[in-house]
Amino acid sequence: MILIVIFFLLVFIIHSFIQIIQWLINQHRLYLIIKTIPGPKINFPLWGNINLLTGILRNQPIGLQSKAFINLMNDICEQYDPNNRIGLIRLWFGPFVPIIIITNANIAQKILNSKDHLDKATFYSLFRYAIKDGVFTSKTEKWLHQKREIQNHLKFKALQRYIANTERHLATLNERIDAVIDDMNKNGQIDDIKPILSTFVLDVLGENLFSTKFHSQSTGVEPKFVRSVNRMLELSYIPFLQPWSYYFNKSILVYLCNLAIFLKTMNYVNNFQYSVRKIILDRFKMKKFEQKSRKQLSLLDSMIESRISSMNPDRILKLNQIETQINTFVVAGHDTTTSALSWALYLLGHHPEQQQRLIKEIDDFLADLNLNGESITLLSMRQLKYLESVILESLRLYPSGPFIARRSRSEFKLNEQTTLPGNINYIIFIQHMHMNPEYFREPKKFYPERFLRCRKETEFEWVNHQAYLPFSGGHRMCLGREYGLMQQRMFLINIFRRYRVKSLDRFGDCQPRFNFLLSSAHFPIRFERRQPQSTPATPSFMTTVSRHSFL
Ligand code: HEM
């Protein structure tokens, strides 16, 4: 008996020994490859470059920490790879965990289009508290199945059905703005536009995604779970930014307080997930959508309908998977869209010339439609090229996702000289690329015209299309891109056919608050009604497909 135990013990020890040797060989190979990539010096191998993060971030309040993080990353890129010569920077998080930052558009495109880089980076697991293993966070194999099922429900042709809800909530938004204009004390001034936009986006998302009325605009408050998700992401972010100092330098009391807040927010998120589950079960049982016109189905209804009508339901998303996707869309679609709307207003409010050009384009477009007795359709909105350029330029200057990250499954040969290592995390630094004068001439300038001047992939005097990644790119590009763009188009047409806006702070004072993907503009703004005689009679958005629609 003892001999058998000794035998197994020996086998175990030899096996572990071989594993350790293999791991050391791999680490050495990784080290040799990474050595060729520029990056900050390591003074103390156990820490790697973590001291850079902790040093700068320790005294920043939550919310601004992430801004400090982005600034730090920008500084590191400029210092260690001046003029984007190589487009790669390495950082060591401790002795064994390297991260590679990519600032070269060509390399970023190769990574995003490679089948070996479909997994999201390890630290995306923080999102799993809020959205579990949905299409945003899932690993390649699961993601392929989920994406196949979801993309049809969000592609351009499917969006027509969301117009009616959006238009109704836009009408409520107008009433809110009108009330501020008519209020003598306020005289059209809103001290912080973000909550107004956020509640509007949420109400639209609730109805379009899962037939739920949040009533956020009428109550003026976001549901608790939305604030909880944001808070949760902020809290999850702290240990990532300050892995050691957070636990050792701060008092245990601070840690416990944050833990208590985390658990409380988790509770709200769980409650929300429970409500979503209930809605899904109810709608599934009632099969209400069977009597509804297909064009009015919410995303949830159409996913359930696919499941019911499928010949092979095993291949279609199950109800619990649908629930995960709905949670994912609310989190992935809410702050990103709010942020895009708020920054577009901010920039236009500071650039009257561009605002006037946009107003003229919208007026001409509406006058043409009126003349022909047509409504605004998804497709006709696309004729507004200046509007599109304003949206694209705002997203360039303020991308909702300043960086995205992937985990490689294997080594990746970039060219004869450079091979990128496998099994490590890559950060694609979108915000840095958007500000690179090599890719975008005069990058700090708000200049929507750049997109009109460079419409084709081959024209890149003002825009390098490869470096433009507000919705990411390649295989795991944003699934809500068309939906997000539609919302922005409808919102801006609606605002500027009625009002002029003026941002009331000093240009540049308003700074984004990042926590991974999320950033929004909080700033004071004044709305003025446009003179009635100068606004053309306004055709409504077309909510049903008629002979004018090309869909
Ligand atoms: C202006 C609005 C939006 C912007 C700027 C934006 C941006 C992005 C970016 C940068 C990513 C890549 C994230 C990463 O790889 O880490 C992404 C992914 C995603 N977005 Fe959006 N998004 C927007 C709106 C939406 C909306 C409205 C929805 C849903 C209704 C949505 C759903 C998703 C999903 C599901 C993914 C994950 C795709 C995948 O991994 O395959 N997004 N988005």
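Analyst: Let's start with pairing: two strands pair if DSSP finds at least two bridges between them. Strands (E, at least two residues) and helices (H or I, at least four) are DSSP runs, numbered from the N terminus. This is a predicted model, where local features need pLDDT of at least 70 and side-chain atom pairs count only at pLDDT 80 or more, while totals for chains, interfaces and linings use all residues. Residue numbers start from 1 along each chain as its sequence is written.

User: What makes E1 and strand E2 a pair?

Analyst: Six bridges join E1 to E2 (residues 97-102), and at least two are required, so they pair. The two run antiparallel. As an example, leucine 88 has isoleucine 102 of E2 as its bridge partner.

User: Which sheet are they part of, and why are some strands called edge strands?

Analyst: They belong to an open sheet of five strands, ordered E1-E2-E8-E5-E3, with mixed pairing. E1 (88-93) and E3 (119-120) are its edge strands, as each pairs on one side only.

User: How do you know that E4 pairs with strand E10?

Analyst: Two bridges join E4 to E10 (residues 525-529), and that meets the requirement for a pair. One link is glutamine 189, whose bridge partner in E10 is arginine 526. Both strands sit in an open, antiparallel sheet of three, in the order E4-E10-E9. Its edges are E4 (189-190) and E9 (499-503), each pairing on one side only.

User: Why is H15 called oblique to H17?

Analyst: Helix H15 (residues 352-372) and helix H17 (residues 385-397) pack at about 140 degrees, with their axes 8 Å apart. The axes are lines fitted to C-alpha atoms over the stretch in contact, and angles run from 0 to 180 degrees between N-to-C directions. Under 35 degrees is roughly parallel, over 145 roughly antiparallel, 65 to 115 roughly perpendicular, and the rest oblique. That makes H15 oblique to H17.

User: Which residues make the contact?

Analyst: Gln354, Arg357, Leu358, Glu361 and Ile362 of H15 meet Tyr386, Leu387 and Val390 of H17 (contact: C-beta atoms, placed from the backbone, within 7 Å).

User: What surrounds the ligand, by class?

Analyst: The shell has 12 nonpolar, nine polar and three charged residues. Nonpolar covers Ala, Val, Leu, Ile, Met, Phe, Trp, Tyr, Cys and Pro; Asp, Glu, Lys and Arg are charged; the others, Gly among them, are polar. Of the 24 residues around the ligand, Gly333, Gly401, Cys478, Gly480 and Gly484 come nearest (near: C-beta atom, placed from the backbone, within 6 Å). H14 gives the largest share, seven residues.

Conventions. Two residues are in contact if their C-beta atoms, placed from the backbone, lie within 7 Å.
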